[in-house]
Amino acid sequence: MKKIYISDLQEGQEFIDFFIVRASGIKIGSNGKKYLDISMGDRTGDLTAKKWDVSPSEEPALEAIKPGDIVKIKASVTVYRDAKQLRVTRIRQVKPEDGVNAMDLVKSAPESGESMFNYILNRAEEMHDEEFKAMSTTVLLRNKERLLYYPAAMRNHHAELAGLLWHMKRMIMHAEVLVNVYTILNRDLLVAGVIFHDIEKLTEINSNKLGVSDGYTFEGRLLGHLVQGVKVIDTLAEELGISQEKSIMLQHMSISHHYEADFGSPKKPLFPEAEMLHYLDIMDAKMYDMEEAISKTKPGEFSDRIWSMDNRTIYRATFGSDRTKVPKESVASGELTESTEPEDESVEMQQVLWNL
C-alpha cells in the first residue's frame, strides 16, 4: 500500500515506498564506480534518483529494472541544482504480496480518456467541411483504442495516461474561442490540424496501457511524428478522395507546427491556421508545465527548476485565483450549448474561456 507521494516529499526526508519506473540504467561515474540512474514517479509527479556504488552482486537485479516496472525503495530526499532528487539505499521490484494498486502510481489526465475522446470526436462531427470531417473522424475512430491511454510524450508535457487526448482537447477548446477573435481563421481546418498534429505520436513512441513510455520506436527515431504525420495524412486523403489542396495544407500544418528547424520543422507556417496551430501547441505545453510546477509548490515559494522551461523556477502567489464559474445562460447564443459538450465540467471550462 502506498503511503507517501512525490508531491509531499521534503528535503532531508527518509522514507520507504513504491514508485513506477520511467527510465533506468546503470552508468559509470567520474570516480569510475557504477551507479543506478533512475527516474520514477507516482500520480503526483516524477523525480530522478541515484543509487551510488553499485556492487557486482547488485548489478544483475538492477539491470533487470525496466520502464513501467513498480519498485519498492528506501531513500532520502536531497537537493541538486535547485531540484529535488532521491538518494536510494535499497531497491527491489514489487511482489504480489505487497498489495500495490498500480493506479496509485500512474499519473493520468484529469478527465477520463473516454470523455475526452467523445469531446474531440463531437467537435470533428460538427465540421461543415465534409472532407475535413471525414479525415478527422476516420483517424480518431481508427485509433480510439490507443488514444484512450497514450501519453503525449515520453517525458515533459502531458507524459501521462491519456495525456495525448488531454493535450488535443485543450488545444481545441482554445481554437473554438480564437476563431471568433481572429475571424480569418477557418475553424474546421484549425480543428483538423489539432487532431492530426500529434496523432503519429501513437507510432513515434512506445507506451504500455498505463501511459508509461519506455522510449521511441524505430520509425519514431528515424522520422519523428511530424514526418510520420505527413505520411498518414497523404495516405488517408488519397483513400478518402480528399482534394489535393486540403491534404497538402494539413500536411504543411503537421511539418510546420514546431516552427523551427532545430525542433524538427523544415518549414515555418505559411497560412494563418498553421501559425495558430503552433501557438496553441506551445501554449498548452507551457501552461501544462506551469500547472505541474504550481501544484508542487507552496504559496509564497518558488518551484524547483523546470528543465522544460529553460530551468526557470516558478513562483506561486499567496492569493488564489479570482476566476469564478460562468453561469450557463451567459454563454453566447449559438456558440456553445450543453448539447455540444458531453461533460458538465468541460462545459464550465469552455464557458470560462469564452469570457477571457
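Here's a quick look at how helix H3 packs against two other helices, and at the largest pocket. Keep in mind that this is a predicted model. H3 spans residues 130–142 and packs with H9, residues 225–240, and its axis also comes within 8 Å of that of H2, residues 113–125.

**H3 with H9**
- The two helices pack at an angle of about 115°, and their axes sit 11 Å apart.
- That angle makes H3 roughly perpendicular to H9.
- The H3–H9 crossing is right-handed.
- On the H3 side you'll find Ala134, Met135, Thr138, Val139 and Arg142, which meet Ile233, Leu236, Ala237, Glu239 and Leu240 in H9.
- Sorted by class, this contact has seven nonpolar residues, one polar and two charged.

**H2 with H3**
- The axes of H2 and H3 cross at roughly 160°, so the pair is roughly antiparallel.
- The H2–H3 crossing is left-handed.
- H2 brings Phe117, Ile120, Leu121, Ala124 and Glu125 to the contact, while H3 brings Lys133, Ser136, Thr137, Leu140 and Leu141.
- The class tally for H2 with H3 is six nonpolar, two polar and two charged residues.

**The largest pocket**
- The largest pocket holds about 1800 Å³ of space.
- Its lining has 49 residues, and Asp46, Leu47, Thr48, Ala83 and Arg305 lie nearest the centre.
- Elements giving two or more residues to that lining include strands S1 (14–28), S2 (34–42) and S3 (45–51), along with helix H11 (272–295).
- By class, the lining residues split into 17 nonpolar, 14 polar and 18 charged.

Conventions: Residues are numbered from 1 along each chain as its sequence is written. This is a predicted model: local features need pLDDT of at least 70, side-chain atom pairs count only at pLDDT 80 or more; totals for chains, interfaces and linings use all residues. Side-chain values use heavy atoms; hydrogens and water are left out. Axes are lines fitted to C-alpha atoms, for helices over the stretch in contact, and angles run from 0 to 180 degrees between N-to-C directions. Helices (H or I, at least four residues) and strands (E, at least two) are DSSP runs, numbered from the N terminus. Angles under 35 degrees count as roughly parallel, over 145 as roughly antiparallel, 65 to 115 as roughly perpendicular and the rest as oblique. A crossing is left-handed if the near helix is turned anticlockwise from the far one by less than a right angle, and right-handed if clockwise. Contact means heavy atoms within 4.5 Å. Ala, Val, Leu, Ile, Met, Phe, Trp, Tyr, Cys and Pro count as nonpolar, Asp, Glu, Lys and Arg as charged, and the others, Gly among them, as polar. On a 1 Å grid over the protein atoms alone, a cavity is a set of points where a 1.4 Å probe fits but cannot get out, and a pocket is an open set with protein on both sides within 12 Å along at least five of seven lines; lining residues have an atom within 4 Å of a point. Grid points are joined across faces, edges and corners, and a volume is the space filled by probe spheres set on the points.
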